[in-house]
Amino acid sequence: MYSHGSESLIKQAREIQESELQKFYSRLVKLLQGKEIGHETVDSLQRLHLILSATKYTRTLPSELQKRVVPLLSSPSEQLQVLSSAVLRETLPLSGQEQNYNQENFSQLNSHAAALLLSQTGSRADLSSLCAQLLRSLESRPSEGPSHTLTNTLPILNTILTHSPECLTEDHMTVLSKKLVDWLRYASTTQGGGASSGGFFTGPRSRQPVPIAELDGSVSGDFFTVLCVGQGFTEDQWMNVYSFSMLHHWLLTYHSGSNGNTAADAANRLQLSLSLSHSHSFSNDDRSEVDGSVVSMVSATSSSSRLLPPKERLREKAFQYCQRLIEQCDRKAHKRTDTELQKACLVEAVCILDCVCVEDTSLVYRAFPCIKALYGRLSSDLSFARVLLPLAQFYLNHGEMAAVDCECVWKLVFSRFPAELFNDPFLAHELLRFLRMNLESLQVRVPQYTRSFPNLLKFLAWDSPAVVDDFVDLLPSLVTAGTAVELLHTLLDLPCLSATLVLQLRSTCLPISESGGRGLMSLDAFRSPSYRGLFLFLLRGEAGSGDTIDRLSTLHELLAEAADWPRVIQCTQTVPVLLHIFFNKVIMVADEKLLAHLILVQLERSGLLLNIPSYIKEIHRVFSCHLLRLCKLHPSLVVDQSHELLEFAGTTANVYSKEEIYTHVVWVLGEYLSVSCDSRCSVRLITSCFEALEAVLFEITSSAPPPGACSPAPRVITTLMSALAKLASRSHDLIPRVSLFLSKLRTVARGGSVPWCSDEEDLVAIVTRGEELWSLLKAPGVAQSVLTPPPHVTTPQWHRDTNVAMPLRLRLLTSLTQSQ
């Protein structure tokens, strides 16, 4: 994990002697007493941090050294800030100084000092006390402290709220809500005198303060936002930026749920919202008819919002701020980085609008005209997909209340996004997160959701490891009685879809013909009109066009060279997991008719899979597991599908190519083909099944396996023998035929090696099992009760039931037989 040199340094740091450590402390104190801190001092601080962090024990620094290190937290050099903070976080505070340090002046507070403060708060009470001091520093006037205090304090508060939101009291929330209102709405509208600090804002240097500007270079006529530009910025303008960055988190943390307002307050809010909506509703067509921006008009009447409580007032100002941001994003930015900033601000603005509309539904009617206009402007440009997802969230939450048709939104989200942007990892994460967060609402209110699984699975086919966790949660919601069969086929064809997506991208990037180059046969097939229908079916966007492909074997031949592609291999490792989830869900929603159809699909598709041996083996294992489960839950399925099961079990080739599933098909035939499981099970059906299995068993035990095939597995042979014995115990006319075969088997085994079993131990096990069955069949009544005991014998376990006399009798017999 570490290089040899690193391990040596760590070992030296751990084994340092106390005397040597004290000398090192003294030398570092002398270095820190100097007027200038040079490279030797920095190297010594780095070594001190290594010594402190290399051991699991927390050390206490000498008081003189700690007093010298603490002032470095406010050093102009960020390197010294980082080092001093790291060193102090590895040490214990001086005795009796814990609270004193937390109560120090916040004038020199920065992010590194904040990390130290947070590390030294040992309880919720300490955090609450720290929050109270930070809030008091926010309320101080600029003249009472250095100008950079506020810009460092608010991010620290946000960090505390992330990890411990319960540390703020109601009074603290009121204070901070008021401050956020002031910073968001009433920041300065003139540029600062200093140079820009970078980050959001860039621009030429100017000596005289001038009004703030928009991203397109025009002078801003409204209040300051994060999308305003200038040469430099004042403290309250930076606080505006910080306030906006934490606004959504703040609203979600402290404004959700009941806010304790009276009915009169709610009525006043509704009346105010409706009046503002009536006075200032707008559309894209009438913007030119008003003087100034629409948000300016809303802001002009915002004095009435001063009558609202702090939470509601913050909500109103957040609403105005976000509408202004959306208006600013209509402007064409001069720089590409500013264009990306506009997209990021749109995402945040729409999320905040959604949040405040959830809290106060009266705002929905004021927000929807702006939201609809924004969606209309962006929906044709997929580069704004990141913005369109929050818009879809807004429509999902409020579209029904506003009586808005959301069909076009869901067509975009479930059709175009996966089909055209399946290879965008960020969109995949965001879209699947959107689906997981809104799963219940989507199932009830968006019928397109369950039909869109062919499109959604493209994310999984393209990048299985990154999104498999999402689909573990989403897949059960896609399984319905109407989609189950097609979804099962689609999951089995997922590796083919993965290969097809790769071919689709290569087809757009590579030329039609490459002279002197070796082309891919699969790529040629993808471009060929004769095979186009196969690939188009895999790339379909919605369910309902068919269960599977008629020419699956042809498709697998065309994609044979994709068997070693990394994306395809990753996909094959994911499918078995999803199949388990699929079958666990389908037994809850399917009737016996559908389950019977799924059994047929398993038998059919066990031989129609992309030729990847490990993949085929895993799919057979999953099929076998759930075939047993389905037949155990509904034994009548064996009679319903007896023809197909017998056809599968009577094919000798399946013994060698589909050992796992073949063994389980034979077992369910022997176990559940009984009158006790289904009254429709006739002697004729039992006899036909016996003859089919007998023929296969005779064939594989009378000759060597076909060329290129391995010997039949001992488990297959013993399962066939057991199934024949079970069937014979239910139709006694068949017992002589089984007994004759078992006696011949013993005779053949005594003659030496046999061509169908190369392992001597396996042969002994097979013969032993045959002798056991032969002995049982000599007493047909006993054979039936042993081989297929009735449920009331195996399930209740009478010897454990205290309500019957059996336990008492067993205890009595035990006491009589035990020696005293």
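**Salt bridges and helix packing in a predicted model**

Glu671 and Lys726 are joined by a salt bridge, with their closest N and O atoms 2.8 Å apart. Because Glu671 belongs to helix α35 and Lys726 to helix α37, this pair ties together parts that are 55 residues apart in sequence. The two partners sit in rather unlike surroundings: Glu671 is partly exposed, at 22% relative accessibility, whereas Lys726 is buried, with a relative accessible area of 8%. The cut-off for buried is under 20%, so the 8% of Lys726 falls within it. It should be said right away that the model is a predicted one.

The link between α35 and α37 does not rest on that pair alone, and Arg715 is the residue to look at next. Glu659 forms a salt bridge with Arg715, and here the closest N and O atoms are 3.7 Å apart. Glu659 lies in helix α35, which covers residues 659-672, and Arg715 lies in helix α37, which covers residues 714-730, so the contact ties together parts that are 56 residues apart in sequence. Arg715 also meets the side chain of Glu660 in a salt bridge, at 3.1 Å from N to O. Since Glu660 is again in α35 and Arg715 in α37, this pair bridges parts that are 55 residues apart in sequence.

How open to the surroundings are these three side chains? Arg715 is partly exposed, with a relative accessible area of 35%. Glu659 counts as partly exposed as well, at 31% relative accessibility, and so does Glu660, at 23%.

Elsewhere in the chain, salt bridges that share partners join Glu214, Asp216, Arg324 and Arg331 into one network. Over the whole structure, a search turns up 27 salt bridges.

Turning to how helices pack, α37 comes up again, this time alongside helix α40, which spans residues 780-787. The two pack at an angle of about 125°, and their axes are 9 Å apart. Angles over 145 degrees would count as roughly antiparallel and 65 to 115 as roughly perpendicular; α37 and α40 are therefore oblique to each other. In this pairing, α37 passes α40 in a left-handed crossing.

A second pair is made of helix α30 (residues 592-605) and helix α31 (residues 613-633), which pack at an angle of about 155° with their axes 11 Å apart. That angle makes α30 roughly antiparallel to α31. The crossing of α30 past α31 is left-handed. Helix α31 also holds Arg621, a residue that counts as partly exposed at 39% relative accessibility. Arg621 and Lys658 are 37 residues apart in sequence, and their C-alpha atoms are 9.8 Å apart in space.

The third pair brings together helix α25 (residues 494-509) and helix α29 (residues 566-589), whose axes come within 8 Å and cross at roughly 155°. The two are therefore roughly antiparallel to each other. What is the handedness of the crossing of α25 and α29? This one is right-handed.

Two spots on the outside of the model round off the picture. One is a nonpolar patch on the surface, formed by Leu812, Leu813 and Leu816, which together have about 330 Å² of accessible area. Leu816 lies in helix α42, which runs over residues 806-817. Leu816 is exposed, with a relative accessible area of 64%.

The other is Ala403, found in the loop between α17 (385-398) and α18 (407-421). Most residues other than glycine have a negative phi. Ala403 goes the other way: phi there is near 55°, a positive value in a residue other than glycine. Is Ala403 buried or exposed? Ala403 is exposed, with a relative accessible area of 71%.

Conventions
Residues numbered from 1 in each chain as written. Predicted model: local features only at pLDDT ≥ 70, side-chain atom pairs only at ≥ 80, totals over all residues. Heavy atoms only, no water. Patch = residues over 30% accessible without salt bridge, like charges linked within 9 Å, V, L, I, M, F, W, Y side chains within 5 Å. Areas by Shrake-Rupley, 256 points an atom, 1.4 Å probe, with all protein chains shown as cover. Salt bridge = Lys/Arg side-chain N within 4 Å of Asp/Glu carboxyl O. Helix = DSSP H or I, 4+ residues; strand = E, 2+ residues; numbered from the N terminus. Buried < 20%, exposed > 50% of the residue type's maximum accessible area, 1.4 Å probe, protein only. Axes fitted to C-alpha atoms, helices over the stretch in contact; angles between N-to-C directions. Parallel < 35°, antiparallel > 145°, perpendicular 65-115°, else oblique. Left-handed = near helix turned anticlockwise from the far one by under 90°.
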